[in-house]
Amino acid sequence: MFADAAERLGFDLVLATDRCHVLDDPWGDHALAVRFEDPELAARTIAESVTVNGIIGVGDQSAYIAALAAEKLGIAYNSPDSVLACRNKFLARERFRAAKMLVPDFQRVALDDGPLLAAERASYPCVLKPLGLSASRGVIRADNPAEFIAAFRRIEALLGAPDILRLNEAHHKFIQVEDFIPGREFALEGILTGERLRVLAIFDKPDPLDGPYFEETIYVTPSRERAEIRCEIVTTTESAVRALGLTHGPIHAEMRVNRRGVWMLEVAARPIGGLCARVLPGLEDLILSHAAGEDVTQIPMPEDAAGVMMIPIPREGVYVAVNGMDEARAVSGVEEVIVTAKQGQKLIPLPQGNSYLGFIFARGETPEAVEQALRNAHQRLEFELATSLPVV
């Protein structure tokens with residue numbers, strides 16, 4: 001999507017992707033080969049290989065590499081320290097607390113210390129989460145010590161997965177434990193210029209996210225919340241941005257709202273993830289123009305009601321096929337239905353997994369109509385999953 005936007009805008013775009021340098025352009029994108037497990041080397045490779053006006057990190061890890069590279073290139077971006085704080089839930093909570101924002105009681109537990117003592121000390125209900133994973137991966141609610149220990153062991157096993165171990169990041173040796181925050185959940189998409197936040201969209205998450213897992217499904221914009229709550233969401237996000245030290249580029253923030261106010265869950269120094277960005281047409285154009293140093297204050301964003309459903313994986317299995325695509329696409333208001341799962345792919349649901357079956361996009365006259373269109377389309381889809389056999 002960024003490559004398409006760059007072509008529309010007449011920009012030269014250089015990609016840097018996480019792959020072995022020995023492979024000869026396997027995806028045909030002429031990308032620089034960098035290794036995410038060595039951010040300093042990756043940033044140096046970028047800085048020594050290209051001359052650019054701006055840089056964008058579209059993922060949590062790549063945002064840190066972008067910050068290091070921007071520092072070496074002398075171009076505008078967030079500081080490495082601020083991006084590290086975004087990527088570490090414990091550091092972010094500490095900075096939010098220092099800024100006197102609403103934060104739950106929280107503690108960091110080393111994997112080597114085990115769960116027993118922490119389970120005795122915890123208040124219930126509580127939430128256990130890895131410090132450095134995103135999209136609710138590994139986030140589990142516990143209502144008693146037995147559930148706490150089971151959740152701890154499950155997250156410990158996840159953090160021992162090869163894709164996480166190879167990154168060799170210190171924060172993956174800890175689990176964060178914090179009091180459960182009741183309330184409704186929202187997301188804010190924005191862009192920073194010299195610490196000034198421009199809000200691009202506020203999303204409702206209409207499905208309750210109360211646990212034991214926290215798989216996101218539906219985003220709908222504009223938010224249907226009262227104006228005063230939307231205003232408080234924005235001001236809380238501004239406080240979080242200052243607390244983290246972010247100054248430049250796209251942000252994606254997640255928060256909960258209850259009677260006490262707005263509780264910031266996290267702020268990511270990147271845009272909304274992957275194909276979800278299609279819910280905001282023109283987002284990539286705006287982000288690229290901003291990174292190139294252009295004035296984007298007059299670039300409008302769509303104001304009509306729109307939404308996306310991240311199609312959840314119902315159970316572990318091997319993807320075989322999907323039925324009902326034509327019926328789902330025919331639902332009034334639905335713009336697109338995309339299945340990203342590949343035939344033969346093993347699918348693992350949250351909290352262990354980190355993907356979805358696909359995405360449904362809808363647009364309509366009201367947020368209510370958009371939400372209903374997404375749900376109606378999803379009901380028409382039937383996924384065939386074969387039972388996956390254990391490897392022994």
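Analyst: A quick definition to start: a residue is buried under 20% relative accessible area, exposed over 50% and partly exposed in between, using a 1.4 Å probe and protein chains only. This is a predicted model, in which local features need pLDDT of at least 70 and side-chain atom pairs count only at pLDDT 80 or more, while totals for chains, interfaces and linings use all residues. Residues are numbered from 1 along each chain as its sequence is written, and side-chain values use heavy atoms, leaving out hydrogens and water.

User: Thanks! Why does Cys276 count as buried?

Analyst: Its relative accessibility is 5%. The limit is under 20%, so Cys276 counts as buried. Cys86 is buried as well, because its relative accessible area is 14%.

User: How do you know whether Cys86 has a disulfide partner?

Analyst: A disulfide is a covalent bond between the sulfur atoms of two cysteines. Here it is called by distance: the two sulfur atoms must lie within 2.5 Å. The closest cysteine sulfur to that of Cys86 belongs to Cys276 and is 19 Å away, so it is too far for a bond. Cys276 is likewise in no disulfide, and the search of the whole structure finds 0.

User: What makes a space in this model a cavity, and how many are there?

Analyst: On a 1 Å grid over the protein atoms alone, a cavity is a set of points where a 1.4 Å probe fits but cannot get out; lining residues have an atom within 4 Å of a point. Points are joined across faces, edges and corners, and the volume is the space filled by probe spheres set on them. The structure holds 3 cavities of 30 Å³ or more. The largest has a volume of about 140 Å³, and of its 16 lining residues the closest to the centre are Cys86, Arg87, Lys89, Leu133 and Glu266.

User: Which element gives the largest share of that lining?

Analyst: Strand S11 (261-268) does, with 4 residues. Strands (E, at least two residues) and helices (H or I, at least four) are DSSP runs, numbered from the N terminus. Helix H4 (80-87) and helix H5 (89-98) each supply at least two residues too.

User: What classes of residue line the two largest cavities?

Analyst: Ala, Val, Leu, Ile, Met, Phe, Trp, Tyr, Cys and Pro count as nonpolar, Asp, Glu, Lys and Arg as charged, and the others, Gly among them, as polar. The largest cavity has 6 nonpolar, 2 polar and 8 charged lining residues. The second largest, of about 60 Å³, has 8 nonpolar, 3 polar and no charged. Its lining includes Ile55, Tyr77 and His248.

User: Why is the pair of Phe203 and Tyr219 called tilted?

Analyst: Rings of Phe, Tyr and Trp (its six-membered ring) pair if their centres lie within 6.5 Å; planes under 30 degrees apart are stacked, over 60 edge-to-face and the rest tilted. Phe203 and Tyr219 are 5.2 Å centre to centre with 50° between the planes, so by those limits they are a tilted pair. Both residues are buried.

User: What makes S15 and S17 edge strands?

Analyst: Two strands pair if DSSP finds at least two bridges between them. The open sheet runs S15-S13-S17 with antiparallel pairing, and strand S15 (346-347) and strand S17 (382-386) each pair on one side only. S13 and S15 pair over 2 bridges, which meets the requirement of at least two, so they count as paired.

Notes:
On a 1 Å grid over the protein atoms alone, a cavity is a set of points where a 1.4 Å probe fits but cannot get out, and a pocket is an open set with protein on both sides within 12 Å along at least five of seven lines; lining residues have an atom within 4 Å of a point.
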